[in-house]
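Trainee: Please take me through this model one question at a time, with the reasoning behind each answer.

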Amino acid sequence: MSGLALQSVVKEFGAFRAVNDVDLTVPHGTFVCMLGPSGCGKTTLLRMIAGLDLPTSGAIRLDGEDITRVPTHKRNLGMVFQSLALFPHLTVGENIAYPLRIRGAPKEDQRKRVDELLSMIHLSGYADRPVSKLSGGQRQRVAIARALAISPKLFLLDEPLSALDAKLREAMQVELRQLQQKLGITTIVVTHDQREAMTMADTVVVMSGGEIRQAASPIEIYRRPADSFVADFIGQTNLIEAEQDTLNHVTVLGQPVPGLQLPPGAAKATLSIRPEDVHLTAPGAGALSGKVTFVRDLGGTIETFVDVAGRQIVAVSTPRARPEVTVGQEVGIALTPDCCVVLSK
Amino acid sequence: MRREPPQTLGDYSPLLFPAAMLTIFFVVPFGTMIAVSFFQRQQGGFYTPAFVYDNYARFLSAFFGGVLGFSLMLAIAVAICCVVLALPFTYLLTRMARSVQVVWLVALLSVLSLSEVIIGFAWSTLFSRTAGITNILVALGLMSEAKALTPSFAAVLTGMVYQAFPYTVLVLFPALVRLDPTLTEAARTLGASPLKAFFTVVVPALRNTITATLIMVFIFALGSYLLPQLLGRPQHWTLSVLITDQAIYQSNMPFAAAMAVFLVLVTLGLVALTVIAGRKGEAA
């Protein structure tokens, strides 16, 4: 099979299990974002793919070949580190040429490839500058160009954009995704920024506690989270308990919601309802009713906090679709069954 | 933190004490020595104030030139050996667990506490025929019979490298600890074997530190005068040995002073050359 495959990969540091039995398949040419809170094992997993750490058990395959014990320098990959790790004693051009020089490429070819890469990252003419004279975004691009110099089989990035300011980061996300699509290279990015993951990835892998909680397309992750951790971690959500009696009538926060179905036989389940799916109605018109406790007007969107039987539910709407509500007002909440995701756990 | 240049005379007062100490115990004696180097020697161990170049003229002979050349060569050899040995050692040490580092650093510091005399006699025993390391090689069947390894140039070099090694490690250690470990990791992901990464990233990134360490060990080794006598033959004696000989045993202060001044000038010249060469290399 072409692409990367992780099979029952485990990594232990002493008694601590950083990565616990991870299976993952990354088809050739896809862009994968590994997303999770700090300490979830995502960086350790990336380091094992790079060969900088050895798995305690399990196998890593690249294009069908077992590379678990292949030393890093023989894996033909490109990696961008969080610190960028540009060589301070080399110029921009020499940094980009480093992987070619190490492999003994002729000087003429090195220069040609460096020029090619510099124009790709919009830094033509910067070859002779010292890396210390570049701005943050420029260094970022040089690190990316250096990692791509040999057209690697795998392109790995560890929190590559975290050092940039918010505006530049957003721009680089788009640029990185476009670059990856142009080159068709299998790419794995570790990030804790979900916007970044949603922007760039074909597949988002949500990790927590050393395990993969869900691996799916960004929209699938958002629309159909596998569990309450994923639902809560990706975007904003309302997690509400629902109960079902023997006659399959479902009640949410003590109020019956007709049309909603839990899995057959389940007495209880957690519902995930995205704030933009929560529609406010006139009092008594919706399935639930509550009292407005706070209104956060952000200009582009308005968040309304509603207290329903002691639970806070957040509704988001645009100003045009905004119902006229004020703090303390009684409102109804419409729940359509297709907006409620029933979580398995 | 306030970082302004000193404004009033009072701001310079913290400098007074070190400046006074430096003047009394370094500048004045050194000035005296320069003066003495031009004095006229009197038979019987005294000298009269004069301004003659005799002492320098006498120094410009093949014999003293040879000794000066040997001293410089020995100091350069010690400096290179120390850095070549200490750089990989210290690099590996910085990558070890904290507890291992502490054990090694304490061991190295304890070597520093040994006097030159003890180091010299210890190595002369280790290199002797009757009780030396060759006996171990004989016992292992690697040599047919024990032999003396001292006096010899190799013995002098070994003793001096042993003495200077801890200094070298201690000077290199902070720079290597501060070196970003992701630099070598990046080199490895880009296709460099660990050895290649060391030579293409660690060594060039530390070029200035390495130059500074070479100069430090060189100067340290230049002053050594006990180990060459304990472990070497007379042709392995350094200029420092001859200076001591002239000053103490021949009672020829003006000539000893002239040699010392000459040694200082040559050393300063070499250090300046190294620094200039280092600057040029950086600009290129």
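Trainee: Are α2(A) and α4(A) roughly parallel or roughly antiparallel to each other?
Mentor: The axes of α2(A) and α4(A), the latter spanning residues 136-148, come within 7 Å and cross at roughly 30 degrees, where axes are lines fitted to C-alpha atoms, for helices over the stretch in contact, and angles run from 0 to 180 degrees between N-to-C directions. Angles under 35 degrees count as roughly parallel, over 145 as roughly antiparallel, 65 to 115 as roughly perpendicular and the rest as oblique. The two helices α2(A) and α4(A) are therefore roughly parallel.

Trainee: Which pLDDT do side-chain atom pairs need in order to count?
Mentor: Residues are numbered from 1 along each chain as its sequence is written, and chains are lettered from A and ligands numbered from 1 in the order in which they are written. The model is predicted, so that totals for chains, interfaces and linings use all residues, whereas local features need pLDDT of at least 70 and side-chain atom pairs count only at pLDDT 80 or more.

Trainee: How many nonpolar residues does the contact of α2(A) with α4(A) have?
Mentor: The crossing of α2(A) and α4(A) is right-handed, and the contact (C-beta atoms, placed from the backbone, within 7 Å) is made by A:V92, A:N95, A:I96, A:Y98 and A:P99 of α2(A) with A:V142, A:A145 and A:R146 of α4(A). Ala, Val, Leu, Ile, Met, Phe, Trp, Tyr, Cys and Pro count as nonpolar, Asp, Glu, Lys and Arg as charged, and the others, Gly among them, as polar. With 1 polar and 1 charged residue in this contact, the nonpolar residues number 6.

Trainee: Which element supplies the largest share of the side of chain A that touches chain B?
Mentor: Across the interface, 18 residues of chain A are in contact with 17 residues of chain B. On the chain A side, β6 (77-80) and α2 (92-102) each supply at least two residues, and that side has 12 nonpolar, 4 polar and 2 charged residues. The largest share, 3 residues, comes from α2(A).

Trainee: In chain B, are α7(B) and α10(B) roughly parallel or roughly antiparallel?
Mentor: Helix α7 (residues 153-178) and helix α10 (residues 207-222) of chain B pack with their axes 10 Å apart, at an angle of about 150 degrees. That makes α7(B), relative to α10(B), roughly antiparallel.

Trainee: How many polar residues are in the contact of α7(B) with α10(B)?
Mentor: The residues making this contact include B:M160, B:Y167 and B:L172 of α7(B), as well as B:T209, B:M216 and B:F220 of α10(B). The contact has 10 nonpolar residues and no charged ones, while its polar residues number 3.

Trainee: Which element of chain B has the highest confidence?
Mentor: Chain B averages a pLDDT (the predictor's confidence in each residue, from 0 to 100) of 87, and 97% of its residues score at least 70. Confidence in chain B is lowest in strand β2 (residues 46-48), at a mean of 78, and highest, at 93, in α7(B).

Trainee: Which residue stands opposite A:L6?
Mentor: Strands β1 (residues 3-13) and β2 (residues 16-27) of chain A run antiparallel and are joined by 8 bridges. In their hairpin, with 2 residues between the strands, A:G14 takes a positive phi near 65 degrees. Opposite A:L6, in β2(A), stands A:L24.

Definitions and conventions:
Helices (H or I, at least four residues) and strands (E, at least two) are DSSP runs, numbered from the N terminus. Two residues are in contact if their C-beta atoms, placed from the backbone, lie within 7 Å. Two strands pair if DSSP finds at least two bridges between them. A crossing is left-handed if the near helix is turned anticlockwise from the far one by less than a right angle, and right-handed if clockwise.
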